[in-house]
Structures are given as structure tokens and as C-alpha cells.
Amino acid sequence: MREINDRMKLRFAPSPTGYLHVGGARTAIFNLLHARRYGGTMLLRIEDTDAERSRQHHAEQIVASLEWLGVAWDEGPIYQSDRIDRYRQRAIELVERGGAYRCHCTVEELEREREEAEKDGRSYRYSGKCRSAADRGESREEERFVVRFRVPPGPVDFDDLIRGPVHFEGETIDDFVVLRSDGHPTYHLSVVVDDIDMGITIVARGDDHLSNTPKHILLFRAFGAEPPQFAHLPLILGSDRKRLSKRTGATSAEEYREMGILPDALFNFLLLLGWSPGGDREILTREEAIEAFDLRDVHKAPAVFDADKLVWMNGQYLSRKPPEEIVPHLEPFLTVAIDDGERLLRVIRLNQARGRTLRDLAELIAPYFVDDETIAYDDEAVKKHLKGADVTRRLDALLEAFSALGEWNEAAAEAALRKLAEGEGVSAAKYIHPLRVALMGVGNSPPIFDVMIALGRERTLRRLRRLLEQLPLG
């Protein structure tokens with residue numbers, strides 16, 4: 001591993017064929033943290049040369065999701081579609097050097113070869129007839145051709161930062177296409193050309209790319225470039241221990257954003273999929289993660305995506321964040337008009353430990369801001385706490401006592417209620433529970449005197465009067 005230096009450069013290179021997958025988000029996070037740990041840089045590259053599947057709106061969504069997650073790249077985004085001429089130029093260079101050749105085989109010819117191989121029980125490999133023709137100096141006049149890389153004999157070995165020594169037999173690697181007949185590069189050519197031109201020193205990507213790596217190493221060598229170091233990240237599995245898919249839950253970062261997951265929580269959760277800081281630590285700041293993370297410490301085994309743990313972790317972040325930092329993330333989920341920013345902060349502070357997602361928190365906050373006439377009374381709470389002939393009298397006494405308060409604060413409100421209870425010779429709960437139903441419509445809430453102050457004097461008194469006007473309920 002290189003020491004701390006400004007030459008270390010990693011890249012995250014998604015294809016814009018859909019939203020940012022959580023596996024891709026984890027790859028971006030791992031690249032970012034390793035670069036930050038060792039004083040290197042990170043590049044964002046959009047690999048959009050597949051014109052049939054790539055979409056600009058997906059590219060924009062991926063960039064937006066990375067920004068939301070707090071993955072701050074140093075260069076880019078660079079779009080491969082802007083570099084098509086460069087890939088063609090390098091493919092021509094390979095042909096001129098003898099490292100590649102033009103292949104004129106038609107789709108029909110290749111399909112016949114494949115069928116013959118299947119009939120004979122052989123694994124299909126390109127016959128190499130255009131390679132042989134090129135070796136003999138023969139040429140064909142057809143205008144359409146692909147460019148195939150001439151795979152040299154011999155094994156391909158490399159040391160993976162995560163998997164350790166990796167060995168591929170050269171005979172298993174077919175002469176692969178680097179330039180299609182329409183002049184567009186294949187994935188193999190474009191990524192290697194870019195990694196050379198952009199000075200990438202470490203390629204950290206998913207395990208599903210492992211079989212591509214020997215091809216890429218051969219391309220680096222054919223271009224006279226030193227291959228970067230490789231780190232192949234283990235797969236992320238769903239609860240069924242199969243590759244994470246829609247069938248077992250949400251798979252994109254955007255879906256978790258819409259569920260009400262905080263970006264810091266998702267960042268922290270993905271960080272722990274295949275890596276651990278040691279000990280029992282699970283909640284880490286970005287600074288702590290940068291200080292501890294190293295690609296060499298990533299586990300080889302696949303990681304399991306536990307959605308329940310993510311929601312738990314999100315609850316931890318919600319309960320610990322200052323309300324001011326929660327507000328920007330909460331706003332898209334609010335279904336009520338907020339007429340007082342300071343009161344919103346107070347209400348968040350009261351409820352932030354009670355919700356596990358931003359959606360939960362928004363639902364808990366709504367009753368503090370809705371019109372008093374829209375408060376609905378929970379049937380179970382009504383049956384349990386608004387029974388008895390004296391409930392109307394107790395609430396009427398509370399209304400009178402609260403109306404007479406000189407100061408509107410928790411201590412004064414509590415003192416007034418407890419004085420009534422002592423005068424009646426009953427527990428304070430006989431007043432507190434009916435009051436909670438009057439103010440919030442439910443049987444559970446944060447401490448009721450805090451709720452009163454968060455609602456304000458006028459709302460509290462109006463809601464008490466409204467319930468009194470409707471008694472008896474049921």
C-alpha cells in the first residue's frame with residue numbers, strides 16, 4: 001500500500017441505467033474513505049457509453065443521491081460519452097501495435113460457432129479465424145467490423161487488496177471485443193483508457209467485476225501502462241442470503257431517502273456492510289470513519305443487508321441530532337403548514353427520540369400544528385381515560401386553572417394540576433390522562449406539560465374547551 005501522498009487516486013464509476021444502488025453507494029463510500037485516509041483524491045466518472053441503456057436523468061439522479069449521502073468527490077463528474085473519439089483512437093493504436101485485430105465475423109457466423117460448441121458439449125470460445133487471417137496478412141473488404149483484443153498466452157496474476165493473490169489461466173480468456181461495429185467502445189476498453197488517462201492508482205469495485213479484471217490488466221499492459229491496484233468488494237445479500245434485489249426490499253439509495261432515512265444513517269449503515277471499526281462501535285462520525293477505514297480491512301465474505309438494523313440506526317441518528325440539523329431533511333415529509341420555526345424546533349426536540357424515520361417524526365409532529373377542530377380522539381384512549389361522571393368536572397377545573405396562570409411554563413402548569421389533584425385527594429394521573437386526550441387525541445405522548453408549552457397557551461385552552469363541548473364521547 002502506498003504511503004500518504006497526493007498521487008493516490010480512486011474513482012467511482014457508475015453506469016446511469018437506473019437509480020444509485022445501495023451496493024454502488026457503498027462502493028462510493030469505500031472509495032471516498034480510503035482516499036481521505038491516505039491523502040489521495042477521488043474521481044466521479046459516469047460510464048454512459050451504452051446508448052441503449054444509459055439515461056441522462058439517471059445520471060443526474062445518481063449525482064444527486066451521492067450529494068445527498070455526503071460523498072464529496074474531488075474531480076468530475078466526467079462523462080464517458082464525451083470521450084468516444086479517444087476510445088476509438090486507442091483502439092486503432094492497439095490494432096497498429098498488433099495487440100488487437102479487426103474481426104469481420106457476422107452475428108450469424110458467431111451464432112453457428114456457438115451452436116456447434118453446444119452440440120459438441122464444449123464451452124464456447126471464439127474460433128479466432130479473423131485473428132488467424134490477420135496473422136497471415138489477409139484482409140476482408142467488409143466495412144463493418146469489430147476490434148478484438150489479441151489475448152496473449154500465459155496466466156494473469158494479481159494481488160487484490162481484499163482477496164489477496166488471484167490467479168487466472170490465460171486459456172480461459174477469449175479474444176474479447178474492445179470496439180463495436182458502430183464505433184462505440186466496450187466497457188473493457190473505455191474503463192482502461194480512462195483509468196490510464198485519469199491517473200487512477202486503485203480500482204475498488206464490486207466482486208461481480210472480478211472476471212473482468214484479468215482482461216483489464218492485459219489491456220493496461222498492452223497500452224504500456226502499469227495496472228492499478230484492485231480491490232473487489234464482496235456482494236451485498238438480502239435477508240434470503242441471495243443477491244440483494246427488489247424481491248427482498250428496497251435497493252436504491254433514493255428509496256431509503258423517500259422512506260425517511262437520514263443520509264448520515266445510511267452512510268454509517270453501508271459503511272458497516274463488509275467492514276468493521278473493531279470493538280462494539282456501530283455509530284461513527286465521518287471523521288472517525290476516515291481515521292479507521294482501509295480497503296485491506298474489508299471482509300471477503302458477502303454482507304447481509306438488514307433493513308431493520310438500518311431503521312434502528314436511523315432512530316439513533318434522529319435522537320442524537322440537533323433539531324436544527326433535522327429540519328432540512330424533515331421538511332419534505334411535513335404534511336402541515338409550520339407557522340412558527342422556533343416552535344417546530346421545540347416539537348422536534350420533544351419527539352425526536354420517539355420516531356425511527358423522518359416519516360414517523362413528521363406524523364408525531366403534525367398534531368402540534370393542525371387546526372384544533374381536526375384533532376381526532378382515539379377510541380381506546382377515550383374508553384380508558386374519559387370514563388366516569390367526574391371527568392367533565394376535572395377538565396373544567398383544569399381549564400379554569402390554566403386560564404388563570406400568570407406564567408406559561410412547564411413548572412407553573414404542573415403545579416396548577418397537582419394542586420387540583422391534591423385538593424380532590426386523587427392521583428395526578430386522573431387529570432393528566434384526560435388532558436392528554438384533549439390536547440393530542442391519544443393516550444401516549446411526550447410529557448404532557450412539555451406538550452402544553454409546545455402547543456402554546458391559546459391552542460391548549462382551545463383544545464380543552466373543544467373536548468368539554470363534546471363530552472360525553474362514545
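Throughout this tour, buried means under 20% relative accessible area, exposed means over 50%, and partly exposed is what lies in between, with a 1.4 Å probe and protein chains only. The model is predicted, so local features need pLDDT of at least 70 and side-chain atom pairs count only at pLDDT 80 or more, while totals for chains, interfaces and linings use all residues. Residues are numbered from 1 along each chain as its sequence is written, and side-chain values use heavy atoms, with hydrogens and water left out.

**Stop 1: the cysteines**

Select Cys103, which is buried with a relative accessible area of 2%. A disulfide is taken here as a pair of cysteine sulfur atoms within 2.5 Å, and the structure holds zero of them. Cys103 is accordingly in no disulfide, and its nearest cysteine sulfur, that of Cys130, is 3.8 Å away. Add Cys130 to the selection: this residue is also in no disulfide, the nearest cysteine sulfur being that of Cys105 at 3.5 Å. Cys130 is buried as well, with a relative accessible area of 5%.

**Stop 2: the sheet around Cys103**

Helices (H or I, at least four residues) and strands (E, at least two) are DSSP runs numbered from the N terminus, and two strands pair if DSSP finds at least two bridges between them. Colour strands E4, E5 and E8, which form an open sheet of three strands in the order E4-E5-E8 with antiparallel pairing. Strand E4 (100-103) and strand E8 (177-179) stand at the edges, each with a single partner strand, so one side of each is left without a neighbour in the sheet. From one strand to the next the twist averages 45°. Angles of this kind run from 0 to 180 degrees between N-to-C directions, and axes are lines fitted to C-alpha atoms, for helices over the stretch in contact. E4 is joined by four bridges to strand E5 (residues 146-149), the two running antiparallel, and within E5 the bridge partner of Cys103 is Val146.

**Stop 3: a parallel pair**

Move to strand E9 (residues 202-206), which is mostly covered, with five of its five residues buried. E9 pairs with strand E10 (residues 229-233) in the parallel sense over five bridges. To see one of these contacts, select Val203, whose bridge partner in E10 is Phe230.

**Stop 4: backbone exceptions**

Most residues other than glycine have a negative phi, and most peptide bonds are trans. Gly76 and Pro77 are joined by a cis peptide bond with omega of about 5°, and Pro77 lies in strand E3 (residues 75-79). A cis peptide bond also joins Leu471 and Pro472, with omega of about -5°, and Pro472 belongs to the segment after helix H20 (457-470). Next select Arg241, where phi takes a positive value near 65° in a residue other than glycine. Arg241 sits in the loop between strand E11 (236-237) and helix H8 (253-259), and at 55% relative accessibility this arginine counts as exposed.

**Stop 5: H1 against H9**

Show helix H1 (residues 22-37) and helix H9 (residues 263-271), whose axes come within 9 Å and cross at roughly 85°. That crossing makes H1 roughly perpendicular to H9, since angles under 35 degrees count as roughly parallel, over 145 as roughly antiparallel, 65 to 115 as roughly perpendicular and the rest as oblique. With contact meaning heavy atoms within 4.5 Å, the residues to display are Val22, Ala25, Arg26, Ile29, Phe30, Leu32 and Leu33 of H1 and Phe267, Leu270 and Leu271 of H9.

**Stop 6: H17, H18 and H19**

The axes of helix H17 (residues 410-424) and helix H18 (residues 429-440) come within 9 Å and cross at roughly 130°, which makes H17 oblique to H18. Here Leu417, Leu420, Ala421 and Glu424 in H17 meet Tyr431, Ile432 and Leu435 in H18.

Finish at helix H19 (residues 448-455), which is mostly covered, seven of its eight residues being buried. Those buried in H19 are Ile448, Phe449, Val451, Met452, Ile453, Ala454 and Leu455. The elements that cover them include helix H13 (341-351), helix H16 (391-403), H17, H18 and H20. After H19 comes Gly456, whose phi is positive, near 95°.
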